[in-house]
Amino acid sequence: MKNWKRLLALLLSLALTASLCACKDAGASPSESPNATGGDPSAQPSAGADASPAPSIDVDLTQDILAFSAGMSASDEVLTINGQTVTADFFLYFLSMDCSQTSMYVSLMGVTLEELAPDLLNDAVSITANQILLQQKAEELGCLPTDAQVEQAKANMMADGQENYELTKASYGLSDESMERMFLSDAYYSNLLNAVAPTATDEMLSSYVYQVKHILLKTVDDNRQPLPEDEAAGKKAQAEDILAQLQAAEDLPAKFDELMMAYSEDNPQNNPDGYTATLGQMVPEFEEASLALKPGEMSGLVKSEFGYHIILRGEVADLQSYAEEYRQYQLQQEINAMLDEAEIIRAPALDALDVVDFYNKYSAYQSAYMAANQPAGSAPVASDPLEPPASDGVG
């Protein structure tokens, strides 16, 4: 179960990243960092007043959850992915998780779930497609779950007993087939990871993760609007002067630190040791220039949307600590390529779905259903019934 939850988080985060960052960039004050999203990579959002679903919904427990919340049955076909059908129960589970995760961010971004509804639907299609494509790729490569993995998945499904299993199924509207598919997700992922992502060498990792310091002279204001031409030209001239001083320095690392603290407009006091980044985290020009350097080498002037950078590449302390992350990155690149080429057909009922109304009803139904059907003497059920209780030691 730990691995299943980790996979779900991975799938959700991959699908949510684009829409969340796009919304954050549109409404938040930008950072001067070269981070690709323009934000602090260490920042963590917190739930706000808009994080909970709408109250006062009159729940009809005589219907099942999907009929009540979406007007669908579990077996309704809502997608086909490369000719493979996806049923409503499987898709709506991921849509509900997408809505739940996103609801924790809306107050931070200054938007509402209603405004994000089209993105939420598209995100859920991508998340579902990730799942199906993982399985299709495993079949293509002949690395389907083994008999032992299937038996383990079934044991995990029944770990809390038949009664809790049936309760979980009903509270999400999931069929036995969809439950088994979800519990096998980790096996599909692990098998594919071993098939397509070999052990990472230091050479491979050095093209994936890099450590850099930089001096930035900005050519945009705090709202990312271009400075007047004369001011931008002045920034370029200043950057060229700093570069000349560095090129003449006898002790480059010391001189770089001195001039970085004196002139960089990227708040170097907050990052005196620079950045350790992986592929895709920084804006393309910055990333390309950084990866072209060997440790200890310095760039010339690098122009990005933020301004002029001078980059000094350092050493990553422990490259092999990124080995597993790199393998996961390789697999996701494979799946992304499949996603770009996949034939995905959406049923009309899917595009007609009111996403926010669905999520509010789905959440209200779950709360009412669990309150009415919680087994006597059992531990409280987590907000996500597929997550093991705290007594399992899962943080």
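**Strands, helices and core of the predicted chain**

In this predicted model, Gln211 of strand S3 has Thr276 as its bridge partner in S4. That pair belongs to a run of four bridges through which S3 and S4 pair in the antiparallel sense. S3 also has bridges to strand S6 (residues 307–314): here there are eight, and the two strands again run antiparallel. Within this second pairing, His214 is matched with Ile311 in S6. Backbone hydrogen bonds are what pair the strands of a sheet, whether parallel or antiparallel.

S3 itself is well hidden, with ten of its ten residues buried. Neither face is left open: on one side Val209, Gln211, Lys213, Ile215 and Leu217 are buried, and on the other side so are Tyr210, Val212, His214, Leu216 and Lys218. So the bridge-forming Gln211 sits on one face, and His214, the partner of Ile311, sits on the other.

The loops around these strands hold a couple of backbone oddities. Most residues other than glycine have a negative phi. Arg224, in the loop between strand S3 (209–218) and helix H11 (229–247), goes the other way, with a positive phi near 65 degrees. Its relative accessible area is 26%, so Arg224 counts as partly exposed. Asn267 tells a similar story from the loop between helix H12 (252–263) and strand S4 (275–278). Phi of Asn267 is positive too, near 50 degrees, and with a relative accessibility of 37% this residue is also partly exposed.

Gly296 is in another loop, the one between helix H13 (284–291) and strand S5 (302–303). Setting aside residues up to four places away in sequence, Gly296 touches Leu252, Leu312 and Arg313. Leu252 is 44 residues from Gly296 in sequence, yet their C-alpha atoms are 8.9 Å apart in space.

A separate open sheet is built from three strands in the order S2-S1-S7, with antiparallel pairing. Its edges are strand S2 (84–87) and strand S7 (344–346), each of which pairs on one side only. Neighbouring strands here are turned against each other by 25 degrees on average, direction ignored. Strand S1 (residues 77–81) is joined to S7 by three bridges, the two running antiparallel, and Thr80 stands opposite Ile345 in S7.

Turning to the helices, how do the axes of H9 and H14 cross? Helix H9 (residues 185–196) and helix H14 (residues 323–341) have axes that come within 9 Å and cross at roughly 95 degrees. This angle falls between 65 and 115 degrees, so H9 and H14 are roughly perpendicular to each other. On the H9 side, the contact is made by Tyr189, Leu192, Leu193, Asn194 and Val196, which meet Glu324, Arg327, Gln328 and Leu331 in H14. Sorted by class, that contact has five nonpolar, two polar and two charged residues.

Leu331 also turns up in the largest nonpolar core, a set of 66 residues. The residues with the most contacts inside this core are Leu79, Phe91, Leu92, Tyr93, Leu95, Leu331 and Phe358. Helix H5 (residues 113–141) gives the most to it, with 13 residues. What does Leu95 contact, leaving aside neighbours within four places in sequence? Its partners are Leu120, Leu121, Ala124, Leu353, Val355 and Phe358. In soluble globular proteins, nonpolar side chains tend to be buried together.

Helix H7 (residues 162–172) also has its buried residues, namely Tyr165, Leu167, Thr168, Lys169, Ser171 and Tyr172. The cover over them includes helix H2 (65–70), helix H3 (88–103), helix H6 (147–157), helix H8 (176–183) and helix H16 (355–373). Straight after H7 comes Gly173, with a positive phi near 70 degrees.

As for the chain overall, there are 16 helices and seven strands. Of its 395 residues, 45% count as buried. Contacts reach far along the sequence: among those between residues at least 6 apart, 76% join residues at least 24 apart.

Note on methods
Residues are numbered from 1 along each chain as its sequence is written. This is a predicted model: local features need pLDDT of at least 70, side-chain atom pairs count only at pLDDT 80 or more; totals for chains, interfaces and linings use all residues. Side-chain values use heavy atoms; hydrogens and water are left out. Two strands pair if DSSP finds at least two bridges between them. Axes are lines fitted to C-alpha atoms, for helices over the stretch in contact, and angles run from 0 to 180 degrees between N-to-C directions. Angles under 35 degrees count as roughly parallel, over 145 as roughly antiparallel, 65 to 115 as roughly perpendicular and the rest as oblique. Contact means heavy atoms within 4.5 Å. Ala, Val, Leu, Ile, Met, Phe, Trp, Tyr, Cys and Pro count as nonpolar, Asp, Glu, Lys and Arg as charged, and the others, Gly among them, as polar. A nonpolar core is a set of buried Ala, Val, Leu, Ile, Met, Phe, Trp, Tyr and Cys residues joined through side-chain atoms within 4.5 Å. Buried means under 20% relative accessible area, exposed over 50%, partly exposed in between (1.4 Å probe, protein chains only).
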